[in-house]
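Welcome, and please open your viewer. This tour suggests what to select at each stop and tells you what is there.

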Amino acid sequence: MFLIQTEHGRIILSNEHLVVVGGVAAGLAAAMEARRRAPAFDITVLEKTGDVSYGACGLPYVISGLIPALERLIVHTPEYFRERHQINLQLNAEALEIFPAKSSLRVRQDGAEREIGYTNLVLATGAAAICPPLPGHDLAGVFVLRHMRQARQLLAYMHERRPEAAVIVGAGYIGLELAEAFAHRGLRTTIIEASDKVMSALDGRLRDRVVEELRAHNVEINFGERVVAFEGHGQIERVVTEQGRAVEAQIISIGVGVTANAALAANAGLELGASGAIVVDAAQRTSAANIFAAGDCCEVLHRVSGRRVWLPLGQPAVRQGWITGANAAGAQPALRYAGVVGTNAVKVFDLEVARTGLSHSEAQDAGFEAAVVEDEDYTRAGYYPGSAKILTRLIHDQRGRLLGAQMVGREGVAQRIDVYAAALHVGLTLEEINRFDLAYAPPFAPTIDPILRATKSSGQ
Ligand SMILES: Cc1cc2nc3c(=O)[nH]c(=O)nc-3n(C[C@H](O)[C@H](O)[C@H](O)COP(=O)(O)OP(=O)(O)OC[C@H]3O[C@@H](n4cnc5c(N)ncnc54)[C@H](O)[C@@H]3O)c2cc1C
């Protein structure tokens, strides 16, 4: 192996073959970063479907009709990677087995199997939506949404069968986005959620705001009710809950969670965490030599709890991909991933809902003696038209250190939550946040922004 430092400070390695498994956010970020740092590398990306480089987060907006076609979500075509960046992108190529001892992979493509060697391997196999094996889960019209292929099938079904009523199983953020999407399409929409929370963290007044918004747009939501069966004749007709209630629907979207695609790694003897996702160190190295992992298939350090957790989200996937690509290309010193604080935002009709850090129960589970404060304030100066209320919940420990934040309101939520996310990254107390000098002008914020006011509610 040769190491050549160019005049631009780039490292060129030759006689190297980097293989990346998975062609969406993390995989292509890794391949592109490796290419940038190592122009002489042979880089192969294996993607088992026919779709690469697209924004999965936009799928609900194609289903709603806001974005007219799935193709709009494509960031770059396969030719872009092949011709502009000399990345050997292989579609419909599934990695079936890894042989770490001989640094090779068994791959199936177009019905034929072959073995390919690697010097470094990046696993970016992502996650799969969970489809609970309930009676009738295989009826036509029952969907999980995770990748482009499933969205294509769902859209074709809607076009062909013209459903009038939809049931969403699970009130996670994807379930909420899909409820809005189906309602926009004019379907009678019902969400059935087994817990008493939305987005797995929001309860109480914050949850109630989301419920009011859904009901104002004719979306029904039922908490504490578990779906036990899907019924129909070849095609879905109704959902049955454990209370014996039947809800008529011609289309179902199951959004009860996702699971890491880690079987390939596990079968090769790589260490998995308690979550079932791949264990990596800060440099995204797995337990096997020359094998890295990035994105939704692996665990990540949670900066608030200090634990390694599984938190599958888009921005961390891309960032981990860059770090992995750099390290697989031999970056010295190795780049390290700083970890996540779990920041996530969702639009529910005209409401913005966001969370970062730990919820109260998550904080308690992580061993914190956690307390909660809530505050409701306006988003603009009192005299300025168009102001809206924003409801904030902060979770803190006994020293006043911020552990988590949740916000619901009609404007400025998704950006305001980022201030708390930044505070969580560096471990600030509510008192320290209260001293921030934040932007003020009547159209954007009151003199003392709701971010600051909420920190005062604790009396710290
Ligand atoms: C509807 C929806 C909305 C979302 N909205 C948001 C949002 O608003 N904000 C946010 O942060 N995140 C959001 N996400 C999550 C985000 O899309 C994911 O975190 C991100 O796509 C993860 O990227 P990844 O590359 O790790 O995995 P994936 O996107 O899952 O890609 C993995 C790829 O690997 C391929 N693969 C798997 N196994 C093999 C194999 N053995 N051989 C070859 N190829 C293989 C798969 O086919 C897949 O294409 C959303 C996801 C969905 C589904």
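Two residues are in contact when their C-beta atoms, placed from the backbone, lie within 7 Å. Keep that cut-off in mind as you walk through the chain, which is a predicted model.

**Stop 1: colour by confidence**

Start with pLDDT, whose average over the chain is 94, with 96% of the residues scoring at least 70. Now select residues 1-13, where pLDDT stays under 50 and the model has 24 contacts beyond four places in sequence. Where pLDDT is low, the predicted coordinates should not be read in detail.

**Stop 2: colour by domain**

Next, give a colour to each part of the domain assignment: domain 1 (3-125 + 259-328), domain 2 (131-256) and domain 3 (344-456). Turn to domain 1 and domain 3, whose C-alpha centres are 34 Å apart. How many residues of domain 1 are in contact with domain 3? Five are, and they meet eight residues of domain 3. On the domain 1 side of this meeting, two residues are nonpolar, one is polar and two are charged.

**Stop 3: the ligand**

Centre the view on the ligand and show the 34 residues around it; those that come nearest are Gly 22, Cys 57, Gly 126, Gly 295 and Gly 314. Helix H1 (25-37), helix H2 (59-64), strand S6 (93-99) and helix H8 (314-328) are the elements that each give two or more residues to this shell. With the domain colours still on, you can see that domain 1 and domain 2 each supply at least three residues to the shell. Recolour the shell by residue type and you get 18 nonpolar, eleven polar and five charged residues.

**Stop 4: strand S18**

Select residues 251-254, which form strand S18. Are the two faces of S18 covered or not? Both are covered: Ile 251 and Ser 253 are buried on one side, and Ile 252 and Ile 254 are buried on the other. Now add the strands that pair with S18. Strand S11 (residues 142-144) runs parallel to S18 and is joined to it by three bridges; here Val 144 stands opposite Ile 254. Strand S12 (residues 165-169) also pairs with S18 in the parallel sense, over four bridges, and Ala 166 has Ile 251 as its bridge partner.

**Stop 5: Ile 221**

Move on to strand S14 (residues 219-223), where Ile 221 is found. Is Ile 221 buried or exposed? Ile 221 counts as buried because 21 other C-beta atoms lie within 10 Å. Show its contacts beyond four places in sequence: Ala 171, Ile 191, Glu 193, Val 211 and Leu 214. For a view across the model, draw a distance from Ile 221 to Pro 39; these residues are 182 apart along the chain, and their C-alpha atoms are separated by 53 Å.

**Stop 6: backbone geometry**

Most residues other than glycine have a negative phi, and most peptide bonds are trans. With that in mind, select Ser 200, which is not a glycine and yet has a positive phi of about 55°. Ser 200 sits in the loop between strand S13 (188-193) and helix H6 (204-216). Its 18 C-beta neighbours inside 10 Å make Ser 200 partly exposed.

Phe 349, also not a glycine, has a positive phi of about 55°. Look for Phe 349 in the loop between S23 and strand S24 (351-357). Phe 349 is partly exposed, with 16 C-beta neighbours inside 10 Å.

Then select Gln 332 and Pro 333, which are joined by a cis peptide bond with omega about -5°. Pro 333 belongs to the loop between H8 and strand S23 (344-348).

**Stop 7: Leu 313 and Glu 374**

Select Leu 313, in the loop between strand S22 (308-309) and H8. Leu 313 is partly exposed, with 17 other C-beta atoms within 10 Å. The C-alpha atoms of Leu 313 and Asn 344 are 8.1 Å apart, although the two residues are 31 apart in sequence.

Finish at Glu 374 in strand S25 (residues 371-378). Glu 374 has 14 C-beta neighbours inside 10 Å and so counts as partly exposed. Which residues does Glu 374 touch, leaving out those up to four places away in sequence? They are Arg 205, Leu 391, Thr 392, Arg 393 and Ser 457. One last distance to draw runs from Glu 374 to Leu 394: 6.4 Å between C-alpha atoms, for residues 20 apart in sequence.

Definitions and conventions
Residues numbered from 1 in each chain as written. Predicted model: local features only at pLDDT ≥ 70, side-chain atom pairs only at ≥ 80, totals over all residues. Near = placed C-beta within 6 Å. Nonpolar A, V, L, I, M, F, W, Y, C, P; charged D, E, K, R; others polar. Domains from an automatic or database assignment. pLDDT = per-residue confidence, 0-100. Buried ≥ 20, exposed ≤ 12 C-beta atoms within 10 Å, placed from the backbone. Pairing = 2+ DSSP bridges.
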